[in-house]
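Here is a short set of exercises to work through with the model open beside you. Try each task on your own before reading its solution.

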Amino acid sequence: MPRPEPRTITFTIDGREVQAPENAMLVDAAKHGDVEIPVFCYEPKLGNPVGACRMCLVEIEGIGKLQTGCSTPVKDGMVVHTQSDRVKEAQRSVVEFLLINHPLDCPVCDKGGECPLQDISFGWGGGISRFIEPKRHFVKPLELSPTIAIDRERCILCYRCVRFSQEVAEDYQLVLLERGAHSFVSTFDGHPYIAPFSGNIIELCPVGALTSRSYRFRARPWDIEDAGSVCTLCPAQCNVQLTVRDERVMRVLSRENDEVDDGWLCDHGRFAYPALARGEQSGPAEPVAPIEVLHVDPAAERNGDEEATPDSEDTSQPSIAAPAVANGDANSVHLGMRISEPLLRDGGELRPVSWERALDEAAVLLKRAGNATAALAGSGATNEEGFLLSRLLSETLGSAHVDSRANGALPSELHRELADPRLQAKVSDLEFAHGVLLLDCDPVIDAPILDLRLRKGVRRHAMKLERVAGGDLDELRETAMRLSEAGEELVIVWGERFASGAAGAERARALLDLAAELSLADTAGAGLLEIPATSNGRGLREAGVLPNCGPGLSDAEADGLDARAIAAALTAGELSALYLLEVDPLSANDPFAASADGDHDAWAGALERASGVVAHATLLSPGLAEHANVIFPAGSYAEKEGTVTHPDGRLQRVRRAVAEAGATRPGWRVIAELSLRLGSDLDVYTDKEASQQLFDAVPFYSGLTLEEIGGRGVRWQEREDVAVAVGGGDSERKGEATTAAESAVDDSYTQSRPGAQTPPSSEAHSGADRDTHAADTQTEGEDSTGGDPSQSGGERT
Amino acid sequence: MTDTLLFKDIDEPGLNTLAVYEARGGYESLRRALKMTPSEVLAQLEASGLRGRGGAGFQMGKKVSFLPQGSMNKYLVCNADESEPGTFKDRELMQKNPHLLIEGIVIAAHAAGADRSFIYIRGEYELQADILEAALAEADEAGYLGERILGTEHSCTLVLHRGAGAYICGEETGLLDSLEGKRGNPRLKPPFPANQGLYQGPTLINNVETLSTVPAIVQMGGEQYAKLGVQTSTGTKLVSVSGHVQRPGNYEIELGVPSREIIYDLAGGPPPGSEIKCWFPGGSSSPVLTADDLDVPYDFDSMAKAGSMLGSGAIIVVDDATPIVELALKVAMFYRHESCGKCTPCREGTNWTVKMLQRIDSGEATPMDLDIMASVQDHIIGNCLCVLGDAMAMPIGSMIAKFRGEFEQHIEAARASAELTLAPVPDDERVLAQEAG
């Protein structure tokens with residue numbers, strides 16, 4: 001579907017000639033000339049303008065009436081006045097009208113200080129009110145939902161929340177009831193507004209009518225600092241802005257990045273922040289002052305204070321939802337409590353110990369196990385942590401048994417083919433594609449924010465959307481073919497579980513064949529988008545946390561065991577120690593819990609048999625409480641510094657917003673210290689060094705800097721050197737598409753790798769070998785071991 | 001009145017049935033129109049100079065020509081919401097001569113290339129809706145509606161939809177939203193309905209009277225029709241006269257006759273012993289005119305020149321026994337009640353105006369409040385999403401401008417009587433109130 005490509009035109013605003021994209025709304029076009037036109041109801045994210053608030057009235061020469069700047073597209077040669085007496089009077093009158101029924105309780109209003117109504121009243125209002133009659137009154141505040149309070153007196157009826165519910169989230173719950181000056185926002189039936197994305201209306205509200213119940217009265221704008229970061233609670237990796245007061249995260253706001261989240265957040269990402277708070281405050285949050293309930297269900301009343309709404313269940317952060325508590329697990333009483341100091345199992349009990357003691361004990365355990373150690377990396381782990389973990393295992397302990405995929409390994413060349421840069425769809429493609437096929441994934445659960453993007457595509461661009469689940473390859477092919485009739489830009493969004501389990505490799509191959517048949521690699525705007533099971537699944541894989549791949553998906557020195565095999569080997573006593581980097585395979589919500597083909601007991605047995613279990617964790621989940629020997633406190637994403645990789649290949653920076661809880665140390669540092677105790681210096685002393693090592697080790701990250709990644713992230717597929725490498729293998733013919741692209745990637749692995757000494761392994765990866773089975777792959781992998789790891793080893797020391 | 005077109009046979013018993021209507025030459029225009037190409041019909045409409053009878057007075061032919069060409073779903077919607085206070089002409093037309101409207105719709109749909117049409121009738125018109133339903137069934141049966149009308153290529157379905165009683169649903173885009181099953185709120189324009197109307201398709205919306213005039217134009221020819229009336233206001237117009245007149249009712253006049261003729265000669269003027277204080281020439285949303293304006297010709301442009309508008313052609317006469325504040329309050333309360341609440345100036349402005357008028361009436365206002373009220377009206381006019389806000393602000397503004405003396409007298413009298421009957425307002429509050437004012 002064609003993306004908008006605006007022409008630049010010149011128009012005159014307040015006597016100055018300004019260049020702006022044609023047909024941009026005047027409000028936006030004016031910004032190109034540093035002119036601000038005040039708005040309340042206008043919000044492009046909500047779809048077409050409604051022109052309801054009338055705040056943006058401007059004068060356009062040649063048109064008699066004042067026009068709303070939010071809905072008038074700018075044309076070449078247009079002459080606009082925003083400072084004429086007529087405009088000023090109209091804008092002043094709109095402010096006066098809006099304030100008629102507004103309580104003007106700014107001193108006690110949460111929005112005070114960051115309130116568009118306040119700002120615009122100061123900037124464009126008359127300063128006095130001529131209204132002396134009684135104002136309109138409502139009972140207030142009311143509980144619109146467990147997480148949102150509504151104050152109808154403050155509401156200026158701008159329609160934003162209603163439009164969000166009707167046209168963005170499409171939950172159709174919010175409406176305006178009554179008419180005229182009696183209008184008010186409510187749910188249609190008076191029941192609480194429970195929806196996966198409800199919290200966005202708090203941010204959309206231009207006044208203090210919709211406030212977060214958990215943030216109410218906790219801070220004023222002059223008390224707080226903003227800290228940009230990336231939410232790593234699910235693979236969607238939305239960009240967030242954390243509101244920090246006194247080293248505590250008080251609130252999570254969206255940080256607009258169209259290429260990632262379109263400026264929205266899911267309720268889980270928005271309201272789960274008490275779990276990010278520092279240890280001493282992370283217990284039950286301070287009670288929220290009860291307010292009158294809009295609805296009849298008192299049981300739901302307190303839900304939102306500490307937890308996400310029921311609809312936005314987390315799949316990746318075991319500790320936030322509380323199924324184990326419901327099970328009555330004896331060890332789960334601590335669930336939900338942040339771990340803020342190292343814990344050591346001593347006499348069967350986990351006890352807080354010093355870092356020295358914990359590191360020593362962990363080193364002893366790992367040393368004893370040696371290459372019989374296995375490691376799993378999961379949800380919260382950054383690329384750097386994953387990368388250092390795989391170094392710890394391979395270099396320090398000599399073990400290749402490291403995995404970040406929950407359920408079975410894929411042959412390494414399949415990983416590479418699936419990561420072919422030309423085959424990667426990006427998030428914004430979901431909006432403009434002719435068709436999107438959801439394969440074994442449910443966006444609203446797996447990566448919620450993509451759900452809104454898909455809805456946007458369907459609503460605004462008539463995108464076709466189909467779902468296929470259960471791994472029926474015939475159905476997949478049939479559906480894809482049907483969808484491709486709508487247009488060549490087809491994106492297949494597939495969940496990691498599609499290519500998991502025993503049939504994983506076969507299915508991944510089928511998917512690649514289908515992609516080749518549909519020329520997805522050669523079609524701009526088409527491609528594959530994998531949603532990994534863990535938040536940073538893609539990043540961990542690219543950092544080398546796979547049993548058969550090193551950094552950059554290169555072939556590993558030796559094939560290790562995958563997660564399923566690790567469980568089996570631990571049970572069988574072939575492996576003795578397990579290193580869990582933010583994983584608890586016994587926690588029901590952890591993707592690894594299903595890794596032994598859904599067999600809970602397999603992991604229970606494996607952990608039972610393991611002689612040493614070392615874990616990094618933020619919260620004490622049941623498996624760790626029962627089996628871990630040493631637990632290092634891990635930072636929440638608000639406390640971490642590092643990079644993660646979005647499912648579409650965008651490297652993003654996770655930035656530290658608050659100090660680590662209690663005695664928590666950064667994960668990279670713990671791994672490095674542990675390695676030192678085991679006799680190998682990983683040579684990492686700062687977080688920047690950890691990132692640098694990662695960029696040096698992964699060929700297609702090579703040359704990246706943290707500055708380049710910046711606040712918006714960088715898709716490695718779009719970086720110049722990768723593009724050049726891909727350009728070399730440009731092939732128009734459908735059948736060769738995959739092959740050519742793949743060899744291009746292979747080239748890039750080797751060519752751009754600093755210090756590469758041996759010839760590229762692309763010969764070993766010739767097209768003929770590509771369709772071979774897993775068994776052959778292993779041989780192939782062994783063949784090529786000579787090159788890659790030794791290079792990286794040499795470079796590191 | 002020599003040239004009655006719409007009311008020609010209006011009092012014929014049984015005209016609402018197909019048999020009588022056909023006997024009186026009904027559906028002849030349709031037969032004639034279907035033998036013409038759509039552009040030929042359109043040419044007749046354009047030549048007639050027929051202006052919309054619903055209130056805005058936009059040329060119908062021009063409106064039809066704005067519809068994009070090409071094969072797409074186009075719609076014709078007949079606005080039978082007739083919600084403007086004082087207007088009751090469409091009611092009589094639909095009640096007594098429903099087939100005329102149906103015939104007009106099918107012809108207009110032919111000209112516009114629309115094959116689906118709707119009548120949006122106000123909910124209160126139960127009798128008229130029932131009569132229309134019956135007429136629709138007859139017309140359908142006789143082949144004047146549906147597929148391949150009278151054996152030609154033209155098809156047109158017609159659905160009658162009953163509204164639920166909101167003034168705003170008489171506004172064309174509010175009507176479209178309501179017809180689509182949504183809350184009846186006006187839409188932002190542009191896009192205009194001619195481009196994106198009902199279900200986002202090109203839509204022609206016209207008033208009952210406008211569409212009912214179409215058969216006559218086809219029959220007599222556009223140019224012949226244009227000879228009626230005056231230069232820019234051609235043809236005849238139904239006028240609903242109500243208020244303080246001796247013979248209220250609907251009258252068909254040729255546009256351009258002096259207003260005095262309608263009010264005095266046709267409607268009998270005010271009852272003996274009373275004089276006209278003011279009159280609304282085009283429904284309660286038109287600025288009021290006074291007895292001095294009685295000689296203004298009753299046509300679109302003359303009314304505009306006199307500072308008011310022809311609107312829907314509803315003359316409401318107010319005699320000198322009526323207090324102007326009471327009239328203003330009545331009008332303002334109607335529009336406050338009917339404001340949809342979508343845009344700020346209308347929602348808050350109508351509410352504020354009512355509160356100020358109530359304050360005047362209860363003796364809590366000063367003459368200074370009149371300035372505030374006048375400026376509030378100015379701030380509403382032209383700044384709203386649709387014309388509902390203007391519909392209150394224009395008459396209220398004109399009343400303040402033309403009867404300021406009476407407003408001031410009312411304020412003083414009400415204050416005096418309030419001081420006698422009510423406990424005195426504490427001084428500090430009054431000071432505060434004045435400071436705020």
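## Exercise 1: a covered helix

The buried residues of helix 9 of chain B are V208(B), E209(B), T210(B), L211(B), S212(B), T213(B), V214(B), P215(B), A216(B), I217(B) and V218(B). Please keep in mind that this is a predicted model.

**Task.** Describe how far helix 9 of chain B is covered, and what is found at its two ends.

**Solution.**
- Step 1: Start with the extent of the helix, which runs over residues 208-220 of chain B.
- Step 2: Set the buried residues against the length: 11 of the 13 residues are buried, and the helix is mostly covered.
- Step 3: Turn to the N-terminal end, where N207(B) acts as the cap. A side-chain oxygen of N207(B) lies 2.8 Å from the backbone nitrogen of E209(B).
- Step 4: Move to the other end. Just after the helix, G221(B) adopts a positive phi of about 90°.

## Exercise 2: salt bridges and their setting

**Task.** Which parts of chain A does the pair E466(A) and R482(A) tie together? Then examine D301(B) with R51(B), and D246(A) with R245(A).

**Solution.**
- Step 1: Find the contact. The side chains of E466(A) and R482(A) form a salt bridge, 3.3 Å from N to O.
- Step 2: Place both partners. E466(A) belongs to strand 20 (residues 464-468) and R482(A) to helix 14 of chain A, so the salt bridge ties together parts 16 residues apart in sequence.
- Step 3: Check exposure. E466(A) is partly exposed at 26% relative accessibility, and R482(A) is partly exposed at 41%.
- Step 4: Now go to chain B, where D301(B) and R51(B) meet in a salt bridge of 3.5 Å, N to O. This pair links distant parts of the chain, 250 residues apart: D301(B) is in helix 12 (residues 300-305), while R51(B) is in the loop between helix 3 (38-48) and helix 4 (60-66).
- Step 5: Compare the cover of these partners. D301(B) is partly exposed, at 33%, whereas R51(B) is buried, at 15%.
- Step 6: Finish with D246(A) and R245(A), whose side chains meet at 3.8 Å, N to O. Here D246(A) is exposed at 64% and R245(A) partly exposed at 26%.
- Step 7: For the wider view, the whole structure has 80 salt bridges over all chains. Some residues are linked in a network: D105(A), K140(A), D151(A), E153(A) and R154(A).

## Exercise 3: is E641(A) buried or exposed?

**Task.** Settle the question, then list the contacts of the E641(A) side chain.

**Solution.**
- Step 1: Locate E641(A) in the loop between strand 25 (630-633) and strand 26 (642-645) of chain A.
- Step 2: Apply the cut-off. Buried means under 20% relative accessible area, and E641(A), at 17%, counts as buried.
- Step 3: Look at the contacts. The E641(A) side chain makes a polar contact of 2.6 Å with the side chain of R655(A), and reaches the backbone nitrogen of R656(A) at 3.2 Å.

## Exercise 4: two more places in chain A

**Task.** Characterise the surroundings of M1(A) and E475(A).

**Solution.**
- Step 1: M1(A) sits in the segment before strand 1 (8-13) and is buried, with a relative accessible area of 18%.
- Step 2: The C-alpha atoms of M1(A) and A433(A) are separated by 5.7 Å, although these residues are 432 apart along the chain.
- Step 3: E475(A) is in helix 14 (residues 473-484) and is partly exposed at 32%.
- Step 4: On the surface, E475(A) gathers with D472(A), D474(A) and E478(A) in a patch of negative charge.

Definitions and conventions
Residues numbered from 1 in each chain as written. Chains lettered and ligands numbered in written order. Predicted model: local features only at pLDDT ≥ 70, side-chain atom pairs only at ≥ 80, totals over all residues. Heavy atoms only, no water. Patch = residues over 30% accessible without salt bridge, like charges linked within 9 Å, V, L, I, M, F, W, Y side chains within 5 Å. Areas by Shrake-Rupley, 256 points an atom, 1.4 Å probe, with all protein chains shown as cover. Salt bridge = Lys/Arg side-chain N within 4 Å of Asp/Glu carboxyl O. Lys, Arg positive; Asp, Glu negative; His and termini not counted. Charge placed at Lys NZ, Arg CZ, Asp CG, Glu CD. Helix = DSSP H or I, 4+ residues; strand = E, 2+ residues; numbered from the N terminus. Buried < 20%, exposed > 50% of the residue type's maximum accessible area, 1.4 Å probe, protein only. Polar contact = N/O pair within 3.5 Å; in protein donor to acceptor, adjacent residues only side chain to side chain.
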